[in-house]
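Please walk through the backbone of this structure and pick out the places where it departs from the usual pattern.

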Amino acid sequence: MHNPALQACGIEAQYVRVQVPVGQVKQAFGLLVKQGFLGVNITIPHKFEALDAVDVVDPLARQLGAVNTLAIRDGKMFGYNTDGPGFLRSVKEAFGREVKDLRVLIIGAGGGAGRAVAVQSVLVGCKRLVLANRTESKLAPLVAELSAISSAVSFQTCTLDHTDIAQHLPEIDLIVNATSVGMKVEDTPLLATGGLQSRHLVYDMVYRASGPTDLIQQAEQAGARHADGMCLLLHQGAISFEHWFDIPAPLEAMREGLKTAVS
Ligand code: ATR
């Protein structure tokens, strides 16, 4: 996605992959700065370590608790998080809606991705937030943290039990799967069959190259609009590009690049 973007903008640079052992993020960043890199994307499992390895942490990245983008300017390292803003942009593109106007259910709120979506949704003032997680003990601390960010949002928690989730769905607009459930064909579905309505917006952060996940298939059967993990990958990448080059990202070139990469 990034090499086609660089090409489309006539920027003489290359996006390469670098493998870094856990615990060596700071040293790796130091080497990349020395070698003249302009920026870095950071992925699992380094997003948390990266927070302490940069010179300046953007306030949003601090609040989201993870750095996934590094911009190097005059030898100084600036850390950003583009997952949260990428989520907002992808919801806007996929559904034509602003998260602030929506009632959101996050399944897997206890994971890194779910947490980022939860914090970002609260920061923009979504109408209601229902948090579900397999390990229920992770939810109370998260609710406490989110309540400290905004007292205007109504919070509820929920188990992963199909009946429990189904009880919340009438009061929900946007359903986000932030678990890894759906990556494998044999995974147990998150929702009971027939639980979705056509008015629901379904965002499955999982992308499965072999075909639509069970959740996306359920959305299709219900006539509900849906988006998958590819949409988030594209938009968080576009925002990274904008941090590096300070110009609008060539979204269509990036989209085509992604399509080619996964086909
Ligand atoms: P990431 O940082 O990429 O979000 P993670 O921290 O491993 O990944 O979080 C994964 C999320 O998916 C968690 O909410 C996890 O639930 P737990 O907090 O109970 O571990 C959830 N998850 C993973 N596998 C799951 C499964 N089989 N069923 C339900 N939830 C699952």
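Asp74 sits in the loop that links β3 (69-73) to β4 (76-80). In this predicted model, the phi angle of Asp74 is positive, about 50 degrees, although the residue is not a glycine. Most residues other than glycine have a negative phi. Is Asp74 buried or exposed? A residue counts as exposed if 12 or fewer other C-beta atoms lie within 10 Å of its own. Asp74 has 4 C-beta neighbours inside 10 Å, and therefore it counts as exposed.

A second aspartate can be read in the same way. Asp246 lies in a loop as well, between α9 (229-245) and α10 (251-262). Its phi is near 60 degrees, again a positive value in a residue other than glycine. Asp246 is exposed because 9 other C-beta atoms are found within 10 Å.

The chain around Asp246 also carries an annotation. An unreviewed UniProt entry lists residues 233-256 as "domain: SDH C-terminal". How much of the chain over residues 233-256 is helix, and how much is strand? Helix makes up 79% and strand 0%, while the C-alpha atoms at the two ends are 13 Å apart.

The last stop concerns a peptide bond instead of a phi angle. Most peptide bonds are trans. Which residues are joined by a cis peptide bond? The bond between Ile44 and Pro45 is cis, with omega at about 5 degrees. Pro45 belongs to the loop between β1 (39-41) and β2 (56-57).

Key: Residues are numbered from 1 along each chain as its sequence is written. This is a predicted model: local features need pLDDT of at least 70, side-chain atom pairs count only at pLDDT 80 or more; totals for chains, interfaces and linings use all residues. Helices (H or I, at least four residues) and strands (E, at least two) are DSSP runs, numbered from the N terminus. A residue is buried if 20 or more other C-beta atoms lie within 10 Å of its own, exposed if 12 or fewer, and partly exposed in between; C-beta atoms are placed from the backbone. UniProt positions are given in the numbering used here, feature names are shortened, and annotations may be inferred rather than shown by experiment.
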